[in-house]
Amino acid sequence: MDIADATTAIVGALLVTLLIAKFVFGRRADPSLFVDQPPRPECPVCMVTLPLEVPLTTDMQCCGKSVCGSCAHETFRSFCEVNVGKLEKKQPFLDLTCPFCRTDAPYTDEDALKLVEERVAKGDANAIYHLAGCYSQGQCGVEVDMGMAIELLHRAADKGNTHAALSIGGMHCLGLHGLAVNMKRGLYYLELSAKGGDPFARYDLGCIEYAGGNKDIAARHWRMAAAAGHKESVDELIKCFREGIIDKTSLEKSLRAKQKACDEMWSEERERYGKWIESLGDCPDASTFKDARMRDIFRDEKMRAIFS
């Protein structure tokens, strides 16, 4: 990026910030935004609250369930161990299956896309959001098409998918991917996501309200996001305490709530899985695999024979 491009980007960001501040300055908070939040979803396999971090959760293409990474990883590891034994006995291999519904896992982009499209045809909001990701990133064998991705994000958000509402809300607020800046529509979708329990939408709404001078409202959003385990919201609340926006008692309550949420998302299996993910370095010999969870097992020569 040259100096001219950098200057344009900075000016554009400042203009958007000013527009946000002007739009939300002095506005009253919607009371329905601050009612009790729905409970955080659980992994349908281990029944532990799903982690917030995207790399620690896997969305299954067959049934649309969000499964924690450790459960998906254990399913794959068991699959590999069983097939190593079958390889030695020269027996037919078992197919890899979904850890929840036990549907055979797709082995090609075409198979994966077919599974997703079948659920899209039934109006599944999670599947529509998944398909939007395929078009935005060029996955499952489709070409990148941001127009189609945006259309699908709107559909998924309107059907209640909080991740889609968060994504499309941010795009409208910032004027991304060819969309004009539309704060009214952007805030509508961000608030829709927040009401559905998405702590990232809460955090964004807090930042928007803070930029507009509505610091008390911002702190309320950050308190609710912190209670769901969102670390960055805790960081903002610490700043609010230093500025005198919230008192010590309020901050301590939010810190305890955040820790409680983190405890509910913790398990020994996830702890091991997280450390294993962090320990993975470059593995050139495993470049065949797009999923990092498969690399460790692939280093075993017996497993290379299975997938060769």
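Trainee: How does helix 7 pass helix 8, in a left-handed or a right-handed crossing?

Mentor: In this predicted model, helix 7 passes helix 8 in a left-handed crossing. The axes of helix 7 (residues 183–195) and helix 8 (residues 199–211) come within 8 Å and cross at roughly 140 degrees.

Trainee: Why is helix 7 called oblique to helix 8?

Mentor: The crossing angle is roughly 140 degrees. Roughly antiparallel needs an angle over 145 degrees, and roughly perpendicular covers 65 to 115. The angle fits neither class, so helix 7 is oblique to helix 8.

Trainee: Which residues make the contact?

Mentor: Helix 7 supplies Met183, Leu187, Leu190, Glu191, Ser193 and Ala194. From helix 8 come Ala201, Arg202, Asp204, Leu205 and Ile208. Sorted by class, the contact of helix 7 with helix 8 has seven nonpolar, one polar and three charged residues.

Trainee: What makes helix 8 roughly antiparallel to helix 9?

Mentor: The axes of helix 8 and helix 9 (residues 215–226) come within 8 Å and cross at roughly 165 degrees. Angles over 145 degrees count as roughly antiparallel, so helix 8 is roughly antiparallel to helix 9. Their crossing is left-handed.

Trainee: Which residues of helix 8 and helix 9 make that contact?

Mentor: On helix 8 they are Pro199, Arg202, Tyr203, Leu205, Gly206, Cys207, Glu209 and Tyr210. On helix 9 they are Lys215, Ile217, Ala218, His221, Trp222, Met224 and Ala225. By class, there are ten nonpolar, two polar and three charged residues in the contact of helix 8 with helix 9.

Trainee: Where is glutamate 236, and which residues does glutamate 236 touch?

Mentor: Glutamate 236 is in helix 10 (residues 231–243). Not counting residues up to four places away in sequence, glutamate 236 touches Tyr203 and Trp222. Tyr203 and Trp222 are also among the residues in the contact of helix 8 with helix 9.

Trainee: How do you know whether glutamate 236 is buried or exposed?

Mentor: Glutamate 236 has 15% relative accessibility. Buried means under 20%, so glutamate 236 counts as buried.

Trainee: How many aromatic pairs does the structure hold?

Mentor: The structure holds three aromatic pairs. One of them is phenylalanine 76 with phenylalanine 79.

Trainee: Why is the pair of phenylalanine 76 and phenylalanine 79 called tilted?

Mentor: The ring centres of phenylalanine 76 and phenylalanine 79 are 5.7 Å apart, and the planes are at 45 degrees. Stacked needs planes under 30 degrees apart, and edge-to-face needs over 60. The angle meets neither cut-off, so the pair is tilted. Phenylalanine 76 and phenylalanine 79 both lie in helix 2 (residues 69–88), three residues apart, about one turn of the helix. Both are buried.

Trainee: What makes the pair of tyrosine 188 and tyrosine 189 edge-to-face?

Mentor: For tyrosine 188 and tyrosine 189, the ring centres are 5.0 Å apart and the planes are at 75 degrees. Planes over 60 degrees apart count as edge-to-face, so this pair is edge-to-face.

Trainee: Which of the words buried, partly exposed and exposed apply to tyrosine 188 and tyrosine 189?

Mentor: Tyrosine 188 has a relative accessible area of 45%. Partly exposed lies between the cut-offs of 20% and 50%, so tyrosine 188 is partly exposed. Tyrosine 189, at 3% relative accessibility, counts as buried.

Trainee: Why is arginine 155 called partly exposed?

Mentor: Its relative accessible area is 35%. That is not under 20% and not over 50%, so arginine 155 is partly exposed. Arginine 155 sits in helix 5 (residues 146–158).

Trainee: What is the distance in space between arginine 155 and isoleucine 128?

Mentor: They are 7.2 Å apart, C-alpha to C-alpha, and 27 residues apart in sequence. Arginine 155 touches Val120 and Ile128, not counting residues up to four places away in sequence.

Trainee: What makes histidine 177 stand out in its phi value?

Mentor: Phi of histidine 177 is near 55 degrees, a positive value in a residue other than glycine. Histidine 177 lies in the loop between helix 6 (162–174) and helix 7. At 48% relative accessibility, under the 50% cut-off for exposed, histidine 177 counts as partly exposed.

Definitions and conventions: Residues numbered from 1 in each chain as written. Predicted model: local features only at pLDDT ≥ 70, side-chain atom pairs only at ≥ 80, totals over all residues. Heavy atoms only, no water. Axes fitted to C-alpha atoms, helices over the stretch in contact; angles between N-to-C directions. Helix = DSSP H or I, 4+ residues; strand = E, 2+ residues; numbered from the N terminus. Left-handed = near helix turned anticlockwise from the far one by under 90°. Contact = heavy atoms within 4.5 Å. Nonpolar A, V, L, I, M, F, W, Y, C, P; charged D, E, K, R; others polar. Phe/Tyr/Trp six-rings, centres within 6.5 Å; stacked < 30°, edge-to-face > 60°. Buried < 20%, exposed > 50% of the residue type's maximum accessible area, 1.4 Å probe, protein only. Parallel < 35°, antiparallel > 145°, perpendicular 65-115°, else oblique.
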